[in-house]
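Visitor: I'd like to go through the inside of this protein with you. Can we start with a single residue and then move on to the cores and the cavities?

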Amino acid sequence: MLLNRRRIKLISIFAAGAAVLGLLAYFVVMLFALAPTIYTFSFESIALLYERHNIFYLLNLLPLIFAFAGGFTGNYLYKLEEEKKKGDNYFKATLNKIVDFVNQIEQRNLNVRFRAINGEKVLENALESMRMSLLSTSQKEFERNEINRITSEAGALLQTCHDITRLSSEVVSFLVNKLDSVVQGAFYVVEGETEEERIISMKASYAYNRMKYMHAEFRFAQGLIGQAAVEKEYILRTEIPEDYMTITSGLTGHTKPSSLLITPLINNDIVYGVIELAAFKKFTPLQCALLKELSDIIARAIANVKINHRTLSLLQESEKMSAELRYQKRQLMQNAEDLIKTQEELRESNIKLEEQIQEVHDTSKKTQVLLENSKEVITIFSQEGKITYVSPSIKAIMGYFPVEILGKDDIENIHPLDTDRFRQLLRDLISFPEKEMTLQYRYFTKNGDVIWMEATGKNLLADKVIKGIVINSRDISEQRIAAKEQRMRAKMQALSENSSDIIIRIDIFSRCTYINPVIEEYTGIGKNTFIDKPISSTDLDPSVVAVFKRMLEEVSVSKLKKAEEMPFPTPDGKKIMHVNAIPEMNENGEAESVLFVCHDITEAKAREELIRKKNKSISDSINYAFNIQSALMPTEENLRKVLPNAFMFYKPKDIVSGDYPWLYRHDDIVYVGAMDCTGHGVPGAMMSIIGYFLQYGIINQDANLNAGDVLNILHISVVERLKQAEKGSKINDGMDAAFCRINLKKKELDFAGAHRPLYHVSNGIMTEIKGDKYPVGSTQYRNRKDFVNNTIKIKPGDAFYFMTDGFHDQFGGPTGKQKYTSDRVAEMIRENTHLSIFQMGNLFRTTYDDWKGENEQLDDVLVIGLKF
């Protein structure tokens with residue numbers, strides 16, 4: 001009611017004020033209306049305005065309109081003030097409610113719920129979410145503290161346990177008492193060192209606050225206990241078989257637990273034991289987490305107890321052994337006292353013995369050194385011929401260690417030409433023990449060198465110490481070489497004295513130390529004027545002296561033989577000498593002189609010049625014959641003008657060739673062939689000219705002959721022209737041929753072969769068409785028949801290859817001694833049917849060059865390839 005009065009009062013004040021403003025506005029309008037007129041401001045003037053302008057009657061409504069507007073404004077302001085008061089009250093109430101909620105949370109009353117005023121869900125949900133988060137955090141903190149408390153108690157308990165039995169009992173009792181609803185527990189320990197020996201054995205059990213001893217063992221992966229140990233993860237079961245376990249109580253009788261938790265005890269990934277707990281209620285996550293935390297602590301405790309137990313056992317064994325050692329020490333000390341006296345007596349004896357041993361050792365060492373450095377090898381053979389002793393000097397002389405020779409007969413190292421004589425020496429020494437015998441023989445050293453040995457043998461089989469045949473051997477290789485060199489020098493001296501060549505020896509100081517008598521025949525100067533004189537001081541021509549001095553310097557440095565030709569002036573005119581300079585070395589491998597052997601080749605050079613001129617004349621004739629043959633024979637360019645898709649690989653062995661290509665065209669008929677005349681070079685070329693003109697005459701007379709007819713007529717013509725059928729004919733040569741007649745209009749190819757095949761490629765398949773096994777010409781073949789004509793229909797893409805035997809008969813390959821063979825030719829064509837005809841031409845050329853390598857060309861080569 002109070003609020004309504006205040007509202008009415010506020011509306012009245014605003015309405016009255018507005019009405020006054022309306023009245024003022026009325027007078028202001030009247031003043032503005034009368035200002036431009038002649039009227040003064042008075043009631044009479046206002047009445048006149050009303051009469052003249054009726055609209056002024058509306059001005060009477062201004063105070064009423066202003067009063068109404070003022071009342072509305074007062075009412076609006078009243079409402080705003082009321083709403084502000086309500087808002088302030090709502091904010092204060094809400095803030096008080098939040099403060100009260102926070103105070104409850106601060107006092108750890110997390111069960112209080114926040115209810116918003118007027119159903120404000122956003123604030124209510126946010127604060128409720130905060131409460132639930134704090135409640136969860138509080139719960140986790142409680143659980144963590146509970147786990148820390150129990151683990152701390154368990155750690156303190158474990159520190160008091162020093163054996164497995166007590167530890168097992170205390171731990172299982174502790175867990176059953178600490179965990180709510182847990183009524184039974186068992187503690188298992190892993191025993192055994194190896195995988196096969198390890199078992200999980202029950203050490204303690206607990207049920208209803210009293211120990212219940214049971215005996216159970218499991219292997220890894222056996223039952224739930226073994227499975228938990230293998231998987232290294234705890235097992236929580238809420239469905240327990242009827243016969244697994246029961247809990248006995250005076251109140252409940254035999255009752256089956258509702259939850260089973262089996263936890264492996266693991267430390268550093270090693271399972272030390274297993275704990276099994278049973279409860280009437282399901283194990284809580286807190287209990288599972290607690291057991292997981294305790295697993296590592298209990299496992300470490302088990303490991304420490306085992307280590308301590310092992311350490312204690314070792315200490316006990318050590319003490320036992322120490323006691324035994326002390327006893328033995330007392331016994332040894334007693335024995336030592338007895339031994340001291342004996343040792344004193346022995347010491348004096350040992351001193352004397354050591355002096356004697358040292359004397360023997362020194363003597364033995366002297367003997368060993370003498371034997372090692374001896375120039376002779378002493379070998380003792382048994383009566384059976386086996387070596388029972390060999391002196392150490394064998395290593396320096398023959399390269400073998402004594403152990404490599406002992407027990408053998410050593411015959412395998414003696415030169416095969418001397419083994420029988422060496423065996424005979426041993427037999428003679430056995431047969432004639434009173435005689436001392438000597439033999440020279442060759443021996444293979446360890447590095448493969450052959451040395452000469454001189455052996456002196458003596459039979460000491462009767463000697464009680466030696467009991468063998470003693471052979472003293474020494475290396476006489478240098479003596480034999482020196483003797484041989486002396487003999488060779490004597491022979492060389494005799495040969496040089498009677499030689500027709502000039503032989504002169506010049507030392508590295510350019511002095512002539514030897515010259516044979518023939519020098520006088522060439523120079524008219526006696527040999528004695530050269531001996532022991534510098535070569536430049538002699539009367540030899542200066543040009544000859546210059547050559548000798550230059551060759552002397554070059555050969556002395558290179559230590560290699562050198563040969564060259566030089567002019568040699570004589571009283572009878574200038575001669576040409578072939579000079580060989582041979583270095584002569586001293587024992588240090590250094591050149592000490594050079595032996596010059598000068599052979600007169602004046603007449604040989606004249607004959608050589610005559611032969612060169614004759615060879616040039618013959619070569620000129622052959623080259624002219626080549627020009628004639630080249631003019632007659634078709635080239636690869638000529639072949640491609642007739643058959644564009646073709647190649648010709650033509651490589652004569654000599655300048656002129658016995659192989660020749662044949663090409664002839666008449667309208668749509670083309671004859672093409674590869675002809676191989678007997679031999680090569682000039683004889684083959686002459687035969688090729690005969691064959692060429694005979695073929696030309698045959699085809700020129702009748703261009704309709706097939707390939708077989710042409711070879712038959714050519715055979716008859718060769719036999720007639722060379723008179724091979726006549727008695728006593730010495731010419732029985734002929735030719736091999738691969739000959740084709742091509743009808744371009746009918747797309748047909750005729751082939752006839754004499755010892756030569758045709759390779760036909762169609763649709764990627766290669767077929768070899770054999771030729772007849774007799775040549776064109778020659779009457780040596782009996783029962784020969786006409787050449788077979790083979791007709792082939794030509795299809796687009798077909799290719800044909802034919803050749804002489806020079807390609808596949810060429811020697812070469814990896815060894816240089818293999819023929820290429822026709823089988824390789826067929827294989828090369830078969831593997832490259834996809835190539836163009838021009839690529840095949842290049843393949844034939846490169847294959848031939850690669851196969852031939854550095855070998856000499858064996859025969860003329862001709863290969864022709866066609867493609868349609």
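**Burial, cores and cavities**

Guide: Ser201 is buried, at a relative accessible area of 8%. Keep in mind that this is a predicted model.

Visitor: Why does Ser201 count as buried?

Guide: Because its relative accessible area is 8%, and buried means under 20%.

Visitor: Where does Ser201 sit?

Guide: Ser201 is in strand β2.

Visitor: And which residues is Ser201 in contact with, leaving aside neighbours within four places in sequence?

Guide: With those neighbours left aside, Ser201 contacts Phe187, Tyr188, Val189, Glu191, Ala216 and Glu217.

Visitor: On to the cores. How many residues has the largest nonpolar core?

Guide: The largest nonpolar core has 36 residues. Leu167, Phe187, Leu277, Ile298 and Ile302 have the most contacts inside it.

Visitor: Which elements supply at least two residues each of this core?

Guide: Helices α4, α5 and α7 do, along with strands β1 (182-191), β2 (199-207), β8 (259-267) and β9 (270-279). The most comes from α7, which gives ten residues.

Visitor: Take Ile302. What is Ile302 in contact with, again without neighbours within four places in sequence?

Guide: Ile302 is in contact with Ile164, Leu167, Phe187, Val189, Leu265 and Tyr272, once those neighbours are left aside.

Visitor: What about a second core?

Guide: A second, separate core has 28 residues, including Met687, Leu705, Val710 and Leu714.

Visitor: Now the empty space. How many cavities of 30 Å³ or more are there?

Guide: The count is three cavities of 30 Å³ or more. The largest cavity holds about 120 Å³ of space.

Visitor: Which residues are the closest to the centre of the largest cavity?

Guide: Thr379, Phe381, Met398, Asp410 and Tyr441 are the closest to its centre, out of 15 that line the largest cavity. Two or more lining residues come from each of β10 (376-381), β11 (387-390), α8 (394-398), β12 (436-444) and β14 (468-475). The largest share, three residues, is from β10.

Visitor: What classes of residue make up that lining?

Guide: The lining of the largest cavity has twelve nonpolar, two polar and one charged residues.

Visitor: And the second largest cavity, what volume does it have?

Guide: Its volume is about 40 Å³. The second largest cavity is lined by Ala154, Leu157, Leu158, Val171, Phe174, Leu175, Leu294 and Ile298. By class, that lining has eight nonpolar, no polar and no charged residues.

Visitor: Which elements do they come from?

Guide: At least two residues of the lining of the second largest cavity come from each of α4 (121-159), α5 (164-178) and α7 (285-372). Ile298 lines this cavity and is also listed among the residues with the most contacts inside the largest nonpolar core.

Methods:
Residues numbered from 1 in each chain as written. Predicted model: local features only at pLDDT ≥ 70, side-chain atom pairs only at ≥ 80, totals over all residues. Heavy atoms only, no water. 1 Å grid on protein atoms, 1.4 Å probe; cavity = no way out; pocket = protein on both sides within 12 Å on 5 of 7 lines; lining within 4 Å. Points joined across faces, edges and corners; volume = space filled by probe spheres on them. Helix = DSSP H or I, 4+ residues; strand = E, 2+ residues; numbered from the N terminus. Nonpolar A, V, L, I, M, F, W, Y, C, P; charged D, E, K, R; others polar. Core = buried A, V, L, I, M, F, W, Y, C linked by side-chain atoms within 4.5 Å. Buried < 20%, exposed > 50% of the residue type's maximum accessible area, 1.4 Å probe, protein only. Contact = heavy atoms within 4.5 Å.
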